[in-house]
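Let us walk through this structure together, one step at a time. Keep the picture open beside you while you read.

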Amino acid sequence: MPMVLCCAGATKDMGKMLGGEEEKDPDAQKKEEERQEALRQQEEERKAKHARMEAEREKVRQQIRDKYGLKKKEEKEAEEKAALEQPCEGSLTRPKKAIPAGCGDEEEEEEESILDTVLKYLPGPLQDMFKK
C-alpha cells in the first residue's frame with residue numbers, strides 16, 4: 001500500500017500530460033492581468049526612454065547645424081518650394097528652366113560665323129549669290 005500512496009500524486013500530473021483537464025487556478029486570471037499590465041508598463045518605459053534619447057540626439061544635431069551653418073532637410077525643401085512658387089505666381093504655365101550661360105542669344109552669332117566660314121570655301125560667283 002505505501003507504493004500506491006507515493007504514486008497517487010504522480011497520476012494527477014500524468015493526466016495533465018496526456019491531455020486531461022488541468023486544475024484551474026483561481027488566481028490565474030488575476031496573474032494574467034498583472035502580467036499584461038507589467039508588459040504595458042515596460043513598453044511605456046521603453047518608449048519614454050527612446051523619446052528621451054531621440055530628443056538628446058536632435059539637440060546634438062541642432063548644435064552641429066548651428067556650428068556649421070547647416071539647415072534641416074525640411075527647411076531646405078521649404079525654401080526651394082518657395083523659390084519655385086514665387087516667380088510663377090501669376091503665370092498659368094510652368095516656369096521656364098534657367099538657360100545656362102553661353103546659350104540663347106549667342107547661337108545666332110555662332111550661326112553667322114559658321115555661314116561666313118562656309119562662304120569662304122565657296123567659289124566667287126556662289127559667294128556673291130549668298131551675300132545678297
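Two residues are said to be in contact when they have heavy atoms within 4.5 Å. Before we use that idea, a word on where the values come from. This is a predicted model, in which local features need pLDDT of at least 70 and side-chain atom pairs count only at pLDDT 80 or more, while totals for chains, interfaces and linings use all residues. Residues are numbered from 1 along each chain as its sequence is written, and side-chain values use heavy atoms, with hydrogens and water left out.

Start with the overall layout. The chain has 5 helices and 0 strands; here helices (H or I, at least four residues) and strands (E, at least two) are DSSP runs, numbered from the N terminus. Following the sequence, you meet the pattern α-α-α-α-α.

Next, look at the surface. The accessible area of the chain is about 13,100 Å², a value from the Shrake-Rupley method with a 1.4 Å probe, where for residues only the protein chains shown count as cover. Carbon and sulfur atoms account for 56% of that surface. How many of the residues count as buried? Of the 132 residues in the chain, the share is 3%. A residue is called buried under 20% relative accessible area, exposed over 50%, and partly exposed in between (1.4 Å probe, protein chains only).

Now find helix α2, which covers residues 28–68. Arginine 65 has its place in this helix. Is arginine 65 buried or exposed? Arginine 65 counts as buried because its relative accessibility is 14%. Leaving aside neighbours within four places in sequence, arginine 65 is in contact with Glu58, Leu70, Lys71 and Lys72.

Helix α2 is also a good place to look for pairs of opposite charge. A salt bridge is a side-chain nitrogen of Lys or Arg within 4 Å of a carboxyl oxygen of Asp or Glu, and the whole structure holds 9 of them. One joins arginine 40 to glutamate 37, with the closest N and O atoms 3.0 Å apart. Both residues lie in helix α2, 3 residues apart, which is about one turn of the helix. Arginine 40 is partly exposed, at 45% relative accessibility, and so is glutamate 37, at 42%.

A little further along, glutamate 43 forms a salt bridge with arginine 46, and here the closest N and O atoms are 2.6 Å apart. This pair, too, sits in helix α2 with a spacing of 3 residues, about one turn. Glutamate 43 is partly exposed at 33%, and arginine 46 is partly exposed at 40%.

What does arginine 61 form with glutamate 54? The two make a salt bridge whose closest N and O atoms are 3.0 Å apart. Salt bridges that share partners link Glu54, Arg57, Glu58, Arg61, Arg65 and Lys72 into one network. Within it you meet arginine 65 again, the residue that counts as buried, whereas arginine 61 is partly exposed at 33% and glutamate 54 is partly exposed at 36%.

Finally, turn to a nonpolar patch on the surface. Val60, Ile64, Tyr68 and Leu70 form it, with about 400 Å² of accessible area together. Patches are made of residues with over 30% relative accessible area and no salt bridge: like charges are joined within 9 Å, and nonpolar side chains (Val, Leu, Ile, Met, Phe, Trp, Tyr) within 5 Å. Tyrosine 68 belongs to helix α2 and counts as exposed because its relative accessible area is 54%.
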